[in-house]
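Please look over the structure shown here, with attention to its domains, one of its helices and its internal cavities.

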Amino acid sequence: CIKANAKSCGECIQAGPNCGWCKKTDFLQEGEPTSARCDDLAALKSKGCPMEDIENPRGSKQVLENREVTNRKKGAAEKLKPEAITQIQPQKLALHLRVGEPQTFSLKFKRAEDYPIDLYYLMDLSYSMKDDLENVKSLGTALMLEMEKITSDFRIGFGSFVEKTVMPYISTTPAKLRNPCTGDQNCTSPFSYKNVLSLTSEGNKFNELVGKQHISGNLDSPEGGFDAIMQVAVCGEQIGWRNVTRLLVFSTDAGFHFAGDGKLGGIVLPNDGKCHLENNVYTMSHYYDYPSIAHLVQKLSENNIQTIFAVTEEFQAVYKELKNLIPKSAVGTLSSNSSNVIQLIIDAYNSLSSEVILENTKLPKGVTISYKSFCKNGVNDTQEDGRKCSNISIGDEVRFEINITANECPKKEQNETIKIKPLGFTEEVEINLQFICECQCQSEGEPNSPACHAGNGTFECGACRCNEGRIGRLCECSTDEVNSEDMDAYCRRENSTEICSNNGECICGQCVCKKRENTNEVYSGKYCECDNFNCDRSNGLICGGNGICKCRVCECFPNFTGSACDCSLDTTPCMASNGQICNGRGTCECGTCNCTDPKFQGPTCEMCQTCLGVCAEHKDCVQCRAFDKGEKKETCSQECMHFNMTRVESRDKLPQPGQSDPLSHCKEKDVDDCWFYFTYSVNSNGEANVHVVETPECPSGPDIIPIVAGVVAGIVLIGLALLLIWKLLMIIHDRREFAKFEKEKMNAKWDTVS
């Protein structure tokens, strides 16, 4: 926002969707340029601009026409006119667009059941289509019967084409012009395009008129079908198109001429895309060239015509490539005699109607559009695929999310209208784009205001917008005075040669401070002598992060002080465990204890290597006053009356931590080796209070009987164990001796025998 260098509120809001303009009159500091009024919202608030003084208009959307999509069943008694059937919702919106801020809306599409259909059959009547014509003569009634299964409102028309009526496409000899066929074949004169039957609901009339048609002929293989398609598309009144589903069946067994081929016949004028039917015959084929494919695509799309190419197997590849260039078109394989044309039309219609593709008219400069589709079975897509949904059946409802963004304001600041429609359908959504390029406060501006140096500008949105030839924050200078040396004197501090402290430019005798690359760093002051980034730092942060740098001096937040706001006035870190600041032995400076008693040290002045603890210090006095014994028993009344004592029954009744007065819990031994418990605390009035448990805990003497019994049992058990060990050793010894005796006895027997 700052880098946009906006001179007015309008320029500011065009810089980005998060930019706001402060219209508070005294918002700017001395030396700050008018463009400093433009910044992001958080920055403006932090600089002291109230929310009610910030101009920040937002975009919006408004639905102007929102008829519900039509729900009806085929065969229902209700018969609606085509224009009363709604398949797309909403129908009209107004979008207020701010630069960079997208506006999103949802578009719903639902295929209506029993939707009217107009079908125009355009047939190649060159000689090679002779047998096909015989089958097409009965097409009207047969197709009517089939289409009744889809819609109760069906109309059919018929047209034919051959070729341009000039050389070298046809023979121009008088005889060939009368009958272009050879031999005894009776053919009609060649023609470019003829509208035989405008759209009608009478199938018999179709059969009758088509039955009267005759084959014609031409010289070259490609046909002039593109001329015919163009006339069918643009001659809506003659053909009889209604605002319903429009189908064009193009039937041929040959290729096609396109733009540029007319030069062979000396025709160089591009096709003008206009209707030239006289008495239902195209009269300008000799004057205008064939249309280009792109021209055909444009006219078919403008007139919502879906094309079905019914071509023979030989030319399938060519027309499939053509289909890829023409949206909402299909290709079917025509049998050699067109006997399968009805099934081909039904299949192609089902294929075309099962897909919806959205297209939009040309967008104004700087406006972008994106689509997101929400199709059947949870299929979602974005970008180009977000424009379409496939496999849609009659009665299915799909949704599109459309996002429109203005990236710049139009030069004339005028409203624009765009339209979005499904290809092949006449219904469309009209969107009126209204651009937010100025602020509300600009309309309240005061032209030639006295606030702008005697009427040299318009005072609007808290600032002056200077008239032509005037400059300065208050339009106080003319452009002729800008470089005057006399003006520079007003931009120098006393006893200084530096203009604007070398931090700005002198314009109209006033310093306009230059901007830093970091937009958060600002020069200010009458002579640009101040800034907000050269204050003392702590921990690498300006003002330690605990203050604001104003004119190179830190203004600290509450509870902070010091040149770098690095001194905290918070005493919490100095609080000792007894609840006293620095244990009452020091002062808290910048959140740290400065111990004044040399015996005490540590972060809260609680550590004392040579001091007795509170408990040890008062042990003898508590013992003499509570139990009348101890070392101070004789001097108790003189030395131990400095505290109030309260006896309690048990340790549970002693005061617990959490009270307002600092509290110490003590456990000490008396002269009889008994433990006694007490607490010591000092209240806010400096009075010491002792609570002591009235009964000491004395250790009980040993139980003699169990001890004696244990000793005797031990001696007996040890004696038995020794006896058992001796007995075991004796048994082992006897066995060894017996074994030795047996061995010697055996040796003696052997000696006697020998």
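The report below takes up the domain layout, an annotated segment, a helix with its surroundings, and the enclosed cavities.

## Domain layout

This is a predicted model, and its domain assignment lists domain 1 (60-73 + 81-113 + 357-436), domain 2 (117-353), domain 3 (537-568), domain 4 (572-608) and domain 5 (614-693). Between the C-alpha centres of domain 1 and domain 3 there is a separation of 55 Å.

## The annotated transmembrane segment

According to the UniProt annotation, taken from an unreviewed entry, a "transmembrane region" covers residues 704-726. In the model this span is 100% helix and 0% strand, and the C-alpha atoms at its ends lie 33 Å apart.

## Helix α9 and its surroundings

Helix α9 is formed by residues 293-302, and its buried residues are H295, L296, V297, K299, L300 and S301. The elements that cover these buried residues include two helices, α7 (225-234) and α10 (316-325), together with the strands β14 (305-311), β16 (356-360) and β21 (416-422). Just after α9 comes N304, whose phi is positive, at about 55 degrees.

## Cavities

The count of cavities of 30 Å³ or more comes to four, and the largest of these has a volume of about 140 Å³. Its lining consists of 13 residues, among which I2, A36, K515, E521 and V522 are the closest to the centre of the cavity. By residue class, the lining of the largest cavity holds six nonpolar residues, one polar residue and six charged residues.

The second largest cavity encloses about 100 Å³ of space and is lined by 14 residues, with R111, T245, Y349, S353 and F425 lying nearest its centre. Here the lining divides into seven nonpolar, four polar and three charged residues. Helix α11 (residues 341-353) supplies three residues, the largest share of the lining of this second largest cavity.

## A cavity lined by two domains

Which domains each contribute at least three residues to the lining of the second largest cavity? They are domain 1 (60-73 + 81-113 + 357-436) and domain 2 (117-353), each of which provides at least three lining residues. Among the residues nearest the centre of this cavity are R111 and F425, which fall within the bounds given for domain 1, while T245, Y349 and S353, also nearest the centre, fall within those given for domain 2.

Notes. Residues are numbered from 1 along each chain as its sequence is written. This is a predicted model: local features need pLDDT of at least 70, side-chain atom pairs count only at pLDDT 80 or more; totals for chains, interfaces and linings use all residues. Side-chain values use heavy atoms; hydrogens and water are left out. UniProt positions are given in the numbering used here, feature names are shortened, and annotations may be inferred rather than shown by experiment. Helices (H or I, at least four residues) and strands (E, at least two) are DSSP runs, numbered from the N terminus. Buried means under 20% relative accessible area, exposed over 50%, partly exposed in between (1.4 Å probe, protein chains only). Contact means heavy atoms within 4.5 Å. Domain bounds come from an automatic or database domain assignment. On a 1 Å grid over the protein atoms alone, a cavity is a set of points where a 1.4 Å probe fits but cannot get out, and a pocket is an open set with protein on both sides within 12 Å along at least five of seven lines; lining residues have an atom within 4 Å of a point. Grid points are joined across faces, edges and corners, and a volume is the space filled by probe spheres set on the points. Ala, Val, Leu, Ile, Met, Phe, Trp, Tyr, Cys and Pro count as nonpolar, Asp, Glu, Lys and Arg as charged, and the others, Gly among them, as polar.
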